[in-house]
Amino acid sequence: MTQSATGPESISAIKRDALQGWARRGKTAQALAMRARIVLACAEDLSNSEVSRRLGVSLPTVGKWRKRFVEHRLDGLSDEPRPGAPRTITDAQVEDVITKTLEEQPARQDSHWSTRSMATATGMSQTAISRIWRAFGLKPHLVDTWKLSTDPLFIDKVRDVVGLYLEPPDKAMVLAVDEKSQMQALDRTAPMLPMMPGTPERRTHDYVRYGTTSLFAALDIATGNVIGQHQRRHRHQEFLRFLKTIDANTPAELDLHLVCDNYATHKTPAIKKWLAAHPRFHLHFTPTSGSWLNLVERWFAELTNRKLRRSAHRSVKALEDDVNAWITAWNANPKPFVWTKTADEILASLAHYCTRINKTINDSGH
């Protein structure tokens, strides 16, 4: 195939408009958008290797979609038919479903589309709608929560904490510190039924509460080891007690850099006085509403998923003993969590997210 097969003279104005629309429209499926960009780049009389470098795709990918466009024009950019019965749903119908899902609201006062309402709106079956949503990763029934920090020192704190993770100081330990408060000792009102072939483990939905405890934890980001201590409350007195535990369980010759949140108990006069008397301790605070920056939260998620969520305890002491045993087992084969994003990457991502939020607000007229 010659390079000019997809040159400018071979693409009509109508086809060029369609390709540019697919490539630029933010709601287009990304696979189709990339194929359109490949063809448009080829139409500039670029070689396959030049297109590959410009768009960051493999050379065989460029060759495949260039050839498909030459042979079948716009239809060639759709996925090839799978073996089996012929398709009964056209690409236009699929695009209509995707467009409605992303850009429109149901005619009724529903907050989001369901397979039933989308099927009614498009004249397709619920099964077809479900397949299309699954293929394009669309889940209208799900919603995530988010919160942007309003901390005036947000940027400085992000750079400080991330800098500790990526380039720890010499002759020092970096510890991610936090409290997992209000851990409940719970027991189900009836015994759990064990898992059997074809049947998952079953348990009652109701339970009896036997009290709570708070776990103070310090995660060594270099090794993954954890220092843990249970306290029945989480005032500044308990935090001070935990600082003393950290002091006693770390090499005395090392400086200690502790990543903490902005909880008031971390900044009381008593804490400041103790820190002044122990100069090897250095506290670094995450931004307000920035707990995602504290790596110990990732360890708390492991504790919850692998131990707490499916455990039963008839006393607070039983819960504490169980968690202590789990920490001991963890420290026998610790796994550090590796931070990879730089502060610049995080701030750029948040800036992009804020831009999207502002655009959504402006588009909605609020």
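This is a guided tour of a predicted model, with suggestions on what to select at each stop.

Before starting, note that residues are numbered from 1 along each chain as its sequence is written. Because the model is predicted, local features need pLDDT of at least 70 and side-chain atom pairs count only at pLDDT 80 or more, while totals for chains, interfaces and linings use all residues, and side-chain values use heavy atoms, with hydrogens and water left out.

**The whole chain**

Show the whole chain as a cartoon, and you can follow 13 helices and five strands, where helices (H or I, at least four residues) and strands (E, at least two) are DSSP runs numbered from the N terminus. Of the 366 residues in the chain, 38% are buried; here buried means under 20% relative accessible area, exposed means over 50%, and partly exposed lies in between, with a 1.4 Å probe and protein chains only. If you switch on a surface, its accessible area comes to about 21,900 Å², and 54% of that belongs to carbon and sulfur atoms (areas come from the Shrake-Rupley method with a 1.4 Å probe, and for residues only the protein chains shown count as cover).

**Helix 2**

Select residues 30-42, which form helix 2, and check the distance between its end C-alpha atoms: the 13 residues should span 18 Å at 1.5 Å a residue, and the ends are indeed 18 Å apart (the expected span is 1.5 Å times one less than the number of residues). Buried residues in helix 2 include Leu32, Ile38 and Cys42.

**Lys100 and its contacts**

Next select Lys100, which lies in helix 5 (residues 91-103). Is Lys100 buried or exposed? Its relative accessible area is 16%, so Lys100 counts as buried. Leaving aside residues up to four places away in sequence, Lys100 touches Trp113, Met118, Ala121 and Thr122, a contact being heavy atoms within 4.5 Å. Thr122 is 22 residues from Lys100 in sequence, and their C-alpha atoms are 9.2 Å apart in space.

**The hairpin of strands 2 and 3**

Move on to strand 2 (residues 207-220), which pairs with strand 3 in the antiparallel sense over six bridges; two strands pair if DSSP finds at least two bridges between them. Here Ala218 stands opposite Ile227 in strand 3. Five residues lie between the strands of this hairpin, where Gly224 takes a positive phi near 90°. Strand 3 (residues 226-231) is largely enclosed by the rest of the structure, because five of its six residues are buried.

**Salt bridges**

Finally, display the charged side chains, since a search of the whole structure finds eleven salt bridges, each being a side-chain nitrogen of Lys or Arg within 4 Å of a carboxyl oxygen of Asp or Glu. Select Lys157 and Asp151 to see one of them, at 2.8 Å from N to O, and note that both residues are buried.

Now select Asp344 and Arg159, whose side chains meet in a salt bridge of 2.9 Å, N to O. This pair links distant parts of the chain, with Asp344 in helix 13 (residues 343-364) and Arg159 in helix 8 (residues 154-166), 185 residues apart. Arg159 is partly exposed, with a relative accessible area of 41%.

For the last stop, select Arg298 and Glu302, which form a salt bridge of 2.9 Å, N to O, and which both lie in helix 11 (residues 296-308), four residues apart, or about one turn of the helix. Arg298 is partly exposed at 39% relative accessibility, whereas Glu302 is buried at 15%. Add Arg306 to the selection, and you will have a network of salt bridges that links Arg298, Glu302 and Arg306.
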